[in-house]
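Please look through the sequence and the model below before reading on. The explanation that follows goes through the contacts that link parts of a protein chain.

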Amino acid sequence: MTGVFSKTVIAFVLGAAVSSLSPGSAAAQTTPGFGAEEFGLTQKQLVQAIEQVESLISKCMLEQGFQYIAADYETVRAGMKADKKMPGLNEEEFHSKYGFGVATMYTGEPPQLATGYSPAKLGLGERNVAHFRSLSPAAQVAYNRALFGENPSATFAVAVETEDFSQCGGCTRKAIEQVFKPEQLKSSYYNPQNALINKDPRMKAALRKFTAEMKKSGFDYAHPDDVEPDIRARLAALTNKGTILVDKMSAEQRLQLKELQDFERRVAFKSYKLQEDLITPVEEKIQQELFARKVQ
């Protein structure tokens, strides 16, 4: 997710680069020392990182007695690109109907058994999904425990897209730790490109407007990227990290899930509209000055 607020400040970026942020500055055309992809990587670095992690996941799973076929970059990327996208719906319609697709799409089933919208399933690849489905129910539980740890919804593709590895476990986490930097593993991580953009006075002003408009609608969020992580955290707390099937929930849990789903739709749509109206135009202008390229 290379939107405005994906998480983290890398200090070495912010020195001379920040001082070149004045509109129209010739110095602002110099690209700082990071890329425009997730985690501040260049496209080449992202491809290499994904391939390395997938290879290490496969090795780790084999050591634990399970088959996992390393997904290639295009497979993982397909999962990333599927986030908040559904055939027949544009992005605004998706947010209106499904919010972020988090609590609204929750079933409690493993991602490999999803029958509809599932970026997590796409990112795992067809061969891994087919293999998982060939296992007995008990073996499926053991398999996903080895692959994901305690949170089966925290797949590698989803974690890369949301720039949040903090919920990953099992072989996925073990592989990520060998490829990504320690600071990139923290929930507080902030993409260095976005951190640089957020230093601009124009963006600070846009964020103040965003915060005020959200409060008018009853939502207490200062950044667009604070919203989805909050929904994910609330869902994890309600569902024991995504391990409770909807049909096994108590009446009270189902009511709480419905309330969270309704809240997600409202807050996601409001945040999306404000981001489109207030944040994205400013972000694009600053990024064009900094990197001579449009926001991805």
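A disulfide is a pair of cysteine sulfur atoms within 2.5 Å. In chemical terms, it is a covalent bond between the sulfur atoms of two cysteines. The model shown here is predicted, and by this rule it has one disulfide.

Which cysteine is joined to Cys60? The partner of Cys60 is Cys171, and the two sulfur atoms are 2.1 Å apart. That distance is within the cut-off of 2.5 Å, so the pair counts as a disulfide. The angle about the S-S bond is -70°, and the link of Cys60 and Cys171 is left-handed. Cys60 belongs to helix H2, whereas Cys171 belongs to helix H9, which covers residues 170-179, so the bond ties together parts of the chain that are 111 residues apart in sequence. Both Cys60 and Cys171 are buried. Another cysteine, Cys168, is buried as well, with a relative accessible area of 7%.

The next kind of contact is the salt bridge. The structure has 16 of them. One of these joins the side chains of Glu38 and Arg77, with 3.4 Å from N to O. Where do the two partners lie? Glu38 is in the loop between helix H1 (14-19) and helix H2 (43-63), while Arg77 is in helix H3 (residues 73-81), so this salt bridge ties together parts that are 39 residues apart in sequence. Are the partners buried or exposed? Glu38 has a relative accessible area of 3% and is buried. Arg77 has a relative accessibility of 14%, which also counts as buried, because the cut-off for buried is under 20%.

A second salt bridge is formed by Lys273 and Glu92, whose closest N and O atoms are 3.6 Å apart. Lys273 is part of helix H13 (residues 251-291) and Glu92 is part of helix H4 (residues 91-98), so the pair ties together parts that are 181 residues apart in sequence. Here the accessibility values are 29% for Lys273, which counts as partly exposed, and 33% for Glu92, which also counts as partly exposed.

A salt bridge can also lie within one helix, as Lys285 and Glu289 show. The closest N and O atoms of Lys285 and Glu289 are 3.9 Å apart. This is within the cut-off of 4 Å, so the contact counts as a salt bridge. Both residues are in helix H13, and they are four residues apart, about one turn of the helix. Lys285 counts as partly exposed at 46% relative accessibility, whereas Glu289 is buried at 12%. Elsewhere, salt bridges with shared partners join Asp83, Lys84, Glu228 and Arg232 into one network.

Lys84 also has a notable backbone angle. Most residues other than glycine have a negative phi. Lys84 is not a glycine, but its phi is positive, at about 60°. Lys84 is placed in the loop between H3 and H4, and its relative accessible area of 10% makes it buried.

Phe39 has a backbone angle of this kind too: its phi is positive, about 60°, although Phe39 is not a glycine. Phe39 lies in the loop between H1 and H2. With a relative accessible area of 2%, Phe39 is buried.

The ring of Phe39 leads to the last kind of contact, the aromatic pair. The count for the structure is 10 aromatic pairs. In one of them, Phe39 and Phe165 are stacked, with 4.7 Å from centre to centre and 5° between the planes. The pair links distant parts of the chain, because Phe39 is in the loop between H1 and H2 and Phe165 is in the loop between helix H8 (156-162) and H9, 126 residues apart. Phe39 and Phe165 are both buried.

How is Phe39 placed against Phe180, in ångströms and degrees? This pair is tilted, with 5.3 Å from centre to centre and 55° between the planes. Phe180 lies in the loop between H9 and helix H10 (192-198), and this pair again links distant parts of the chain, 141 residues apart. Both Phe39 and Phe180 are buried. Together with Phe156 and Tyr189, the residues Phe39, Phe165 and Phe180 form one aromatic cluster.

Conventions
Residues numbered from 1 in each chain as written. Predicted model: local features only at pLDDT ≥ 70, side-chain atom pairs only at ≥ 80, totals over all residues. Heavy atoms only, no water. Helix = DSSP H or I, 4+ residues; strand = E, 2+ residues; numbered from the N terminus. Buried < 20%, exposed > 50% of the residue type's maximum accessible area, 1.4 Å probe, protein only. Phe/Tyr/Trp six-rings, centres within 6.5 Å; stacked < 30°, edge-to-face > 60°.
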